[in-house]
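Here are a few exercises to help you find your way around a new model. Try each task before you read its solution.

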Amino acid sequence: IPSGMFVPLILSGAVLGRLSGYLLGSFQMMLGIEVAEHGAYALIGSAAMLGGVTRMTISLTLIIIETTGVVQFGLPVFLTALAARTCGHLINEGLYDIHMELRHVPFLPWDPPTWYQSLRARDVMSYNPICLELRVRAESLLRILSTHKHNGFPIVNTVVTGSTTKRRLVGIILRKHICAMLSKRLREKVLTPPGTAAKSGENVELNWDDLNRTYPHFPAVENLRLNEVEKQYIVDFSIFMNLTPHRVLPTASVWHVYQLFRQMGLRHLCVVDTQGDIIGMITRQDLTIEHCKQCWEHEEKTPSFRTWRPLPAHQRKRGRSTDSIDELKSVPTWTMPRPHFIANNSPGTRNRRLG
């Protein structure tokens with residue numbers, strides 16, 4: 001019988017509480033002390049079990065009071081849940097936190113470690129992100145979505161000056177919005193024949209509500225089908241992209257980047273040079289303690305952590321680079337330089353390739 005997590009915890013806690021009540025009641029009867037009802041011990045036991053596993057206090061107290069209707073036990077239940085939460089934190093993390101670690105969910109605690117101030121954005125970012133032009137052929141766009149699982153794509157304007165190619169960041173667009181634009185319901189309003197001028201905002205019969213109408217069930221790229229004529233059409237992102245993406249310089253501290261993600265609720269952060277040329281991307285996965293620990297590569301100054309988990313597949317190939325911005329752009333895709341503040345001949349360091 002499916003019962004979730006609450007019912008087994010309440011049942012086991014009530015059994016242990018009632019058993020403790022019987023044992024304590026027998027001892028009290030031997031001493032001639034008045035014995036409390038065993039149901040009170042069962043109620044306190046269920047609150048202790050739930051509080052120790054889920055680490056809830058106020059919400060747990062309200063749930064138990066509303067379930068039992070015994071308002072006079074509100075304070076004892078709250079104190080019991082608080083004590084169970086405190087004792088549980090001395091042993092390990094809560095059940096929900098453990099599940100997030102097992103599923104590799106990049107959850108960021110509220111306060112970053114102080115040693116994040118020693119890292120820079122260029123030390124943890126992913127180099128050479130997959131970028132899109134302002135106008136992309138539908139066939140190429142569908143191929144990019146099928147081969148790359150990124151949730152955000154920077155929109156760039158390629159500028160060729162002599163032998164150098166600049167990718168000026170002009171915006172960013174999310175994967176779910178691209179899939180919505182290519183869906184059967186909206187593709188007629190988005191796709192334009194090749195050779196035609198770009199549509200202006202007044203000539204497009206599509207608004208922001210149309211893109212988010214299918215929230216939270218956006219179409220998947222596996223379900224998108226284009227005929228041969230539609231594959232040659234052009235998708236213009238100049239109207240639908242976010243024109244003001246958050247960006248930082250590669251010299252920004254990871255502590256500052258962490259604060260931006262936590263306070264602004266970001267999912268993507270573009271790293272640009274002083275000329276606005278994009279050189280990398282930072283996501284929540286790049287700011288996890290395990291990832292930053294591996295980027296530090298310093299055994300003596302790195303604090304100890306309880307658990308490890310591997311890097312994502314797209315960041316396991318790392319290489320070394322210098323601090324020069326021009327040389328950072330020539331690093332192969334998904335590579336990582338050695339942190340600039342660690343000397344190559346410093347004691348306690350080791351040269352190793354992540355993977």
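**Exercise 1. Find the residue with a positive phi in the hairpin of S8 and S9.**

Solution. Start with the hairpin: five residues lie between its two strands. Among them is Gly-276, whose phi is positive, near 85°. Strands here are DSSP E runs of at least two residues, and helices are H or I runs of at least four, both numbered from the N terminus. One caution: this is a predicted model, where local features need pLDDT of at least 70, side-chain atom pairs count only at pLDDT 80 or more, and totals for chains, interfaces and linings use all residues. Residues are numbered from 1 along each chain as its sequence is written, and side-chain values use heavy atoms, with hydrogens and water left out.

**Exercise 2. Work out how S8 and S9 are joined.**

Solution. Take S8 at residues 268–272 and S9 at residues 278–283; they run antiparallel, with five bridges between them. Two strands count as paired if DSSP finds at least two bridges between them. Now go residue by residue: Leu-269 has Ile-282 of S9 as its bridge partner, while Cys-270 sits opposite Met-281.

**Exercise 3. Put the strands of the sheet in order.**

Solution. S9 also has two bridges to S1, again antiparallel, and Ser-126 stands opposite Met-281. The order is S1-S9-S8-S7, an open sheet of four strands with mixed pairing. S1 (126–127) and S7 (247–248) are at the edges with a single partner strand each, so one side of each has no neighbour in the sheet.

**Exercise 4. Why is S9 described as largely enclosed?**

Solution. Look at burial, where buried means under 20% relative accessible area, exposed over 50%, and partly exposed in between (1.4 Å probe, protein chains only). Five of the six residues in S9 are buried, so the rest of the structure largely encloses this strand. Next, look at what lies across the sheet: helix H12 (residues 254–264) crosses S7, S8 and S9, at about 145° to S8. That angle is taken between N-to-C directions, from 0 to 180 degrees, using lines fitted to C-alpha atoms, for helices over the stretch in contact (heavy atoms within 4.5 Å).

**Exercise 5. Place Ile-33 and say whether it is buried, exposed or partly exposed.**

Solution. First, find Ile-33 in the loop between helix H1 (6–31) and helix H2 (38–54). Then check its relative accessibility: at 44%, Ile-33 counts as partly exposed.
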